[in-house]
Amino acid sequence: MPLHIDPLHIDVVTLFPQMFAAISECGISGRAFARGQAELQLWNPRDFTTDNHRTADDRPYGGGPGMVMLAEPLAAALGAARARQQGVGVIAPHRVYLSPQGRTLDHALVMELAARPGLILLAGRYEGVDQRLLDEQIDEYISIGDYVLSGGELAAMVVIDAVVRQLPGVLGDADSAQQDSFVNGLLDYPHYTRPEVYRGVSVPAVLMGGNHALIQRWRLQQSLLLTRRYRPDLLARRSMSAAEISLLAECRQDDQPD
Ligand code: 9D3
């Protein structure tokens, strides 16, 4: 076992650095940052303004609603982030702008990001960012789905949470990332814990029997049935083994999970 693995270096440029306490101080990602498996640095473009009002945005040329983030404070903040990464040995950090126009985040993209030595994430506010800054400084645009957020921060946190849990050593053997749903291309099976009977509803008998081969078979069958019902698109993108086909065929109509 290696004594220490290079941390993933993450820098975020944001007008709301306080929001990132949600991932830096809590849960699995919080523990990964505390252990030094990943490193998070936050840069506020307002700290790189030069006027008395610390102006970070202005009205759009051509008119229209809302405000646009100024290129210069963002360029200065991104430059500080890049210099910081180069100082820890990341020669060319991957620069991401969180944007509704971006490539939609999925497991494959999460794994691509987790394999990089360093990430710089730019979270926008208002209507967006001056296009010249994006053209000059950004490698990839990423969206987290087709709905409107108030800014890029929550999207950046989604990306960071999903990426950090894939880093080697972040999850214990028990809930290894290999067992996560979407790794095998299926939805998760249902889970049960005490009590054995809750409001008159029993835990499925197979889970109480202690036959681990049978339990494994039941769980895979539940995953297949749930995926067929709720996410047939996932099944279509994935090849099926003979064993899986027969597990699905076993309960064509009845015995379906909710
Ligand atoms: C409602 C305003 N929109 C049309 C005029 C443009 C718009 C600007 C800024 C829409 C959203 C945002 C803020 N969103 C993000 O920064 C964002 C986002 C999102 O809204 N949905 C999904 N993924 C992402 S990543 C960044």
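# A tour from salt bridges to the ligand

Start by selecting Glu-250. At 47% relative accessibility, Glu-250 counts as partly exposed, because that class runs between 20% and 50%. Keep in mind that this is a predicted model.

**Stop 1: the partner of Glu-250**

Now add Arg-217. Its side chain meets that of Glu-250 in a salt bridge, 2.4 Å from N to O. Colour the two helices next. Arg-217 sits in helix H8 (residues 212-230) and Glu-250 in helix H10 (residues 242-250), so the salt bridge ties together parts that are 33 residues apart in sequence. Arg-217 also counts as partly exposed, at 36% relative accessibility.

**Stop 2: Asp-11 and Arg-84**

Select Asp-11 and Arg-84. Their side chains form a salt bridge, with 2.7 Å from N to O. The pair links distant parts of the chain: Asp-11 is in strand S1 (residues 8-13), Arg-84 is in helix H3 (residues 71-87), and they are 73 residues apart. Are Asp-11 and Arg-84 buried or exposed? Both are buried. Now add Glu-39. Asp-11, Glu-39 and Arg-84 are linked in a network of salt bridges.

**Stop 3: Glu-153 and Arg-125**

Move to Glu-153 and show Arg-125 with it. They form a salt bridge, and their closest N and O atoms are 2.8 Å apart. Glu-153 belongs to helix H6 (residues 153-164). Arg-125 lies in the loop between strand S6 (118-123) and strand S7 (128-129). This pair, too, links distant parts of the chain, 28 residues apart. Glu-153 and Arg-125 are both buried. How many salt bridges does the count come to? The count is eleven.

**Stop 4: the aromatic pairs**

Switch to the rings. The count here comes to two aromatic pairs. Select Trp-43 and Phe-48. Their ring centres are 6.3 Å apart and their planes stand at 50 degrees, so the pair is tilted. Trp-43 counts as buried, at 18% relative accessibility. Phe-48 counts as partly exposed, at 26%.

Next, select Tyr-97 and Tyr-141. This aromatic pair is edge-to-face, with 5.5 Å centre to centre and 85 degrees between the planes. Tyr-97 lies in strand S5 and Tyr-141 in strand S8, so the rings tie together parts that are 44 residues apart in sequence. Tyr-97 is buried, with a relative accessible area of 8%. Tyr-141 counts as partly exposed, at 26% relative accessibility.

**Stop 5: the ligand**

Select the ligand and show the residues around it. There are 15 of them, and the closest are Glu-127, Ile-144, Gly-145, Tyr-147 and Leu-149. By class, the shell has nine nonpolar, five polar and one charged residues.

Now look for N and O atoms. Which residues place polar atoms by the ligand?

- Ser-143: a polar side-chain atom lies 3.4 Å from a nitrogen atom of the ligand.
- Ile-144: a backbone N or O atom lies 3.1 Å from a nitrogen atom of the ligand.
- Leu-149: a polar backbone atom is 2.8 Å from an oxygen atom of the ligand.

Turn on the surface. On its own, the ligand has 570 Å² of accessible area, and the protein covers 70% of that. Finally, colour strand S5 (94-104) and strand S8 (140-143). These are the elements that give two or more residues to the shell around the ligand. Which element gives the largest share of that shell? S5 does, with three residues.

Conventions. Residues are numbered from 1 along each chain as its sequence is written. This is a predicted model: local features need pLDDT of at least 70, side-chain atom pairs count only at pLDDT 80 or more; totals for chains, interfaces and linings use all residues. Side-chain values use heavy atoms; hydrogens and water are left out. A residue is near a molecule or strand if one of its heavy atoms lies within 4 Å of it. A polar contact is a pair of N or O atoms within 3.5 Å; within protein, one must be able to donate a hydrogen and the other to accept it, and residues adjacent in sequence count only if both atoms are side-chain atoms. Accessible areas come from the Shrake-Rupley method with a 1.4 Å probe; for residues, only the protein chains shown count as cover. Helices (H or I, at least four residues) and strands (E, at least two) are DSSP runs, numbered from the N terminus. Ala, Val, Leu, Ile, Met, Phe, Trp, Tyr, Cys and Pro count as nonpolar, Asp, Glu, Lys and Arg as charged, and the others, Gly among them, as polar. A salt bridge is a side-chain nitrogen of Lys or Arg within 4 Å of a carboxyl oxygen of Asp or Glu. Buried means under 20% relative accessible area, exposed over 50%, partly exposed in between (1.4 Å probe, protein chains only). Rings of Phe, Tyr and Trp (its six-membered ring) pair if their centres lie within 6.5 Å; planes under 30 degrees apart count as stacked, over 60 as edge-to-face and the rest as tilted.
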